[in-house]
Amino acid sequence: MRLATWNVNSIRSRIDRVAQFLDRQDIDVLAMQETKCRDDQFPFERFDELGYEVAHLGVNQWNGVAIASRVGLADVELAFPGQPGFDKDAGDSLISAPVVESRALGATCGGVRVWSLYVPNGRALADPHYTYKLEWLAALRDTATGWLTADPEAKVALVGDWNIAPRDEDVWSMDFFAGKTHVSQPERDAFQAFLDSGFADVMRPFAPGPGVYTYWDYTQLRFPRREGMRIDFILASQALAASTKDANVDREERKGKGASDHAPVIAEFGLADA
């Protein structure tokens, strides 16, 4: 199985690039983030023509997650159990709701439980969204740990835009990011908690860095200057990670006109039933 995750930054703007990517990279399952559209605006027909089933969760021009699969799509969930939400009307008040923002979508594809995740950005260390981000990650960790406790052989992939650079080598300049989100110790601790609970970052062994990034801001010519961040990940349960054959970043998709500010992350798993 070839599994990819990609923050497409508007599926309607990138559908041609996404279609070409699926063909060029022979992708079986693609998790997408920041689709930025309602369900009735999503280009389901284009994916159907390409032979993919799609599940999508989106309500407006913000956020949005999707999974496209040509190896089956079953048991779709529109949020993970216990997923927190952010009460925008109350400013800094946090609520617990099944779905407040379109940030998590799960489906079983070819025997693998895939979750497309768009982790809250955090905005700034003193912003209420930062607290929301940490609570969101803690809730996901608790839920995901429960899955592995219930079934240690479960094949689970937590994939998407994590909005965390877990190591210094995952950003182009720690001096530039000093005092900012994405690199703070609480965020890094939250990411490490997933590794400690039984998930593995499947790409790092194949592309250890430094200088391996998945995101480059549109401003200041960040991409040609190689000033990026590694914030998109495929975290796999041990039962799935053990079958990893290769993993990489497709930097070609960050090049040229109409590119997203993220590049896809791809992992290949040697699954007997995929």
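## A salt bridge and its network

In this predicted model, Arg-204 and Asp-201 form a salt bridge, and their closest N and O atoms are 3.3 Å apart. Are these two residues buried or exposed? Both Arg-204 and Asp-201 are buried. The pair also belongs to a wider group: salt bridges with shared partners link Glu-169, Asp-170, Asp-201, Arg-204 and Arg-230 into one network.

Side chains of opposite charge can pair when their charged atoms come close. How many salt bridges does the structure hold? There are 22 salt bridges in the structure. One of them joins Arg-141 and Asp-142, with 3.0 Å from N to O. Arg-141 counts as partly exposed because its relative accessibility is 26%, and partly exposed residues lie between the 20% and 50% cut-offs. Another salt bridge connects Lys-36 with Glu-34, where the closest N and O atoms are 3.8 Å apart. Glu-34 has a relative accessibility of 13%, so Glu-34 counts as buried.

## A buried arginine in a helix

Now take a look at Arg-188, which is found in helix H5, residues 185-196. Its relative accessibility is 12%, so Arg-188 counts as buried. Which residue shares a side-chain polar contact with Arg-188? The partner is Asp-168, at 2.7 Å.

Asp-168 also appears among the contacts of Arg-188 when neighbours within four places in sequence are left aside. The others on that list are Ile-164, Ala-165, Pro-166, Arg-167, Met-174 and Val-183.

## The nonpolar cores

The largest nonpolar core has 36 residues. Within this core, Leu-3, Ile-67, Val-114, Ile-234 and Phe-269 touch the most other members. Leu-3 is a good one to follow in the 3D view. Not counting residues up to four places away in sequence, Leu-3 touches Val-29, Val-114, Ala-157, Val-159, Ile-234, Val-265, Ile-266, Ala-267 and Phe-269. A second, separate core holds 24 residues, including Ala-104, Trp-136, Val-156 and Phe-191.

## The chain as a whole

What is the secondary structure made of? The chain has six helices and 14 strands. Along its principal axes, the C-alpha trace spans about 45 × 45 × 40 Å. For 274 residues, a compact globule would have a radius of gyration near 19 Å, and the chain agrees with this at 17 Å.

Buried residues account for 57% of the 274 residues. The chain exposes about 11,300 Å², and carbon and sulfur atoms supply 48% of that area. Contacts also reach along the sequence: of those between residues at least 6 apart, 71% join residues at least 24 apart.

## Unusual backbone spots

Most residues other than glycine have a negative phi, and most peptide bonds are trans. Three places in this chain are worth checking against that rule. Asn-9 is not a glycine, but its phi is positive, near 55 degrees. Asn-9 is in the loop between strand E1 (2-7) and helix H1 (11-25). With 9% relative accessibility, Asn-9 counts as buried.

Asp-26 also has a positive phi, of about 55 degrees, although Asp-26 is not a glycine. Its place is the loop between H1 and strand E2 (29-33), and Asp-26 is partly exposed with a relative accessible area of 42%. Finally, where is the cis peptide bond? The cis bond joins Gly-209 and Pro-210, with omega at about 5 degrees. Pro-210 is in the loop between strand E11 (199-201) and strand E12 (232-237).

Conventions. Residues numbered from 1 in each chain as written. Predicted model: local features only at pLDDT ≥ 70, side-chain atom pairs only at ≥ 80, totals over all residues. Heavy atoms only, no water. Core = buried A, V, L, I, M, F, W, Y, C linked by side-chain atoms within 4.5 Å. Buried < 20%, exposed > 50% of the residue type's maximum accessible area, 1.4 Å probe, protein only. Contact = heavy atoms within 4.5 Å. Salt bridge = Lys/Arg side-chain N within 4 Å of Asp/Glu carboxyl O. Helix = DSSP H or I, 4+ residues; strand = E, 2+ residues; numbered from the N terminus. Rg over C-alpha atoms; globule rule 2.2 N^0.38 Å. Areas by Shrake-Rupley, 256 points an atom, 1.4 Å probe, with all protein chains shown as cover. Polar contact = N/O pair within 3.5 Å; in protein donor to acceptor, adjacent residues only side chain to side chain.
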